[in-house]
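Visitor: Could you walk me through this one? I'd like to hear the reasoning behind each label, too.

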Amino acid sequence: HYSLEDTGPLRSLDPPVEAIIDARQAIDTLLKRTITQLPPKCRLAFMLSRFDGMSYPQIADQMGISVKMVEKHITKALVACRAAVGDRDF
């Protein structure tokens, strides 16, 4: 038989909302910095894909490059973004 008195003070395991907002802002800042530092064609391919929702063939057509090159640019951008964020405990 347990009572609330036996468990001690109840603490929330969830981080405070402010901490979550701060963490998301920190990640946003890191990602924006990382994206701006990508080579121009790599940055453009990534932004067309992730922000404009274009398919790889559409990007290839717009940029005048092969779909394979689009894949390489986006892979490079994703690797850079993952490296920037790392295994942070946000």
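What follows is a chat about how the labels on this predicted model are earned.

Visitor: Start with the overall fold. What does the secondary structure of the protein chain come to?
Guide: Five helices and zero strands. Read along the sequence, that gives the pattern α-α-α-α-α.

Visitor: And how much of the protein chain is buried?
Guide: Buried residues are 23% of the 90 residues. As for the surface, the accessible area is about 7,000 Å², with 56% of it belonging to carbon and sulfur atoms.

Visitor: What share of the contacts joins residues at least 24 apart?
Guide: It's 50%, counted among contacts between residues at least 6 apart in sequence.

Visitor: How many disulfides does the structure hold?
Guide: Zero.

Visitor: How do you know that Cys 42 is in no disulfide?
Guide: The nearest cysteine sulfur belongs to Cys 81, and it is 8.8 Å away. A disulfide needs the two sulfur atoms within 2.5 Å, so this pair doesn't qualify. Seen from the other end, Cys 81 has the sulfur of Cys 42 as its nearest cysteine sulfur, again at 8.8 Å, and is in no disulfide.

Visitor: Why are Cys 42 and Cys 81 called buried?
Guide: Buried means under 20% relative accessible area. Cys 42 has 1%, so it gets the label. Cys 81 has 10%, so it gets the label as well.

Visitor: On to helix H2. How do you know that its length agrees with its number of residues?
Guide: H2 runs over residues 17-36, which is 20 residues. At 1.5 Å a residue the helix should span 28 Å, and the end C-alpha atoms are 29 Å apart, so the two agree.

Visitor: Which residues of H2 are buried?
Guide: They are Ala 23, Leu 30, Thr 34 and Ile 35.

Visitor: What puts them on the same side of H2?
Guide: The arc they cover around the axis is only 130°, which is why they count as sharing a side of H2. A general point helps here: an α-helix has 3.6 residues a turn, so residues three or four places apart point the same way.

Visitor: What is on the other side of H2, and what do the buried residues pack against?
Guide: On the other side, Val 17, Glu 18, Lys 32 and Thr 36 are exposed. The buried residues of H2 pack against helix H3 (40-50) and helix H5 (67-85).

Visitor: Thr 29 is in H2 too. Why is it called partly exposed?
Guide: Its relative accessible area is 42%. Buried would need under 20% and exposed over 50%, so Thr 29 falls in between. The C-alpha atoms of Thr 29 and Val 85 are separated by 9.9 Å, though the two residues are 56 residues apart along the chain.

Visitor: Now H3. Which of its residues are buried, and what makes them one side?
Guide: Cys 42, Ala 45, Phe 46, Leu 48 and Ser 49 are the buried ones. They cover an arc of only 165° around the axis, so they lie on the same side of H3. Their packing partners are H2, helix H4 (56-63) and H5.

Visitor: How many aromatic pairs are there?
Guide: The count comes to one aromatic pair.

Visitor: Why is the pair of Phe 46 and Phe 51 called edge-to-face?
Guide: The ring centres are 6.2 Å apart, and a pair needs them within 6.5 Å, so these two rings pair. Their planes are at 85°, and over 60 degrees counts as edge-to-face, so that is the label.

Visitor: Are those two rings' residues buried or exposed?
Guide: One of each: Phe 46 counts as buried at 6% relative accessibility, whereas Phe 51, at 53%, counts as exposed.

Visitor: Last stop, H5. What makes Ile 74 buried?
Guide: Ile 74 sits in helix H5. Its relative accessibility is 0%, which is under 20%, so it counts as buried. Leaving aside neighbours within four places in sequence, Ile 74 is in contact with Ala 45, Phe 46, Ser 49, Arg 50, Tyr 56 and Ile 59. Ile 74 and Tyr 56 are 18 residues apart along the chain, and their C-alpha atoms are separated by 9.4 Å.

Visitor: And why is His 73 called buried?
Guide: His 73 is also placed in helix H5, and at 11% it is under the 20% cut-off, so the label is buried. With neighbours within four places left aside, its contacts are Lys 41, Cys 42, Ala 45 and Ile 65.

Technical notes
Residues are numbered from 1 along each chain as its sequence is written. This is a predicted model: local features need pLDDT of at least 70, side-chain atom pairs count only at pLDDT 80 or more; totals for chains, interfaces and linings use all residues. Side-chain values use heavy atoms; hydrogens and water are left out. Buried means under 20% relative accessible area, exposed over 50%, partly exposed in between (1.4 Å probe, protein chains only). Helices (H or I, at least four residues) and strands (E, at least two) are DSSP runs, numbered from the N terminus. Contact means heavy atoms within 4.5 Å. Accessible areas come from the Shrake-Rupley method with a 1.4 Å probe; for residues, only the protein chains shown count as cover. The expected span of a helix is 1.5 Å times one less than its number of residues. The arc is that of the directions from the helix axis to the C-beta atoms. Rings of Phe, Tyr and Trp (its six-membered ring) pair if their centres lie within 6.5 Å; planes under 30 degrees apart count as stacked, over 60 as edge-to-face and the rest as tilted.
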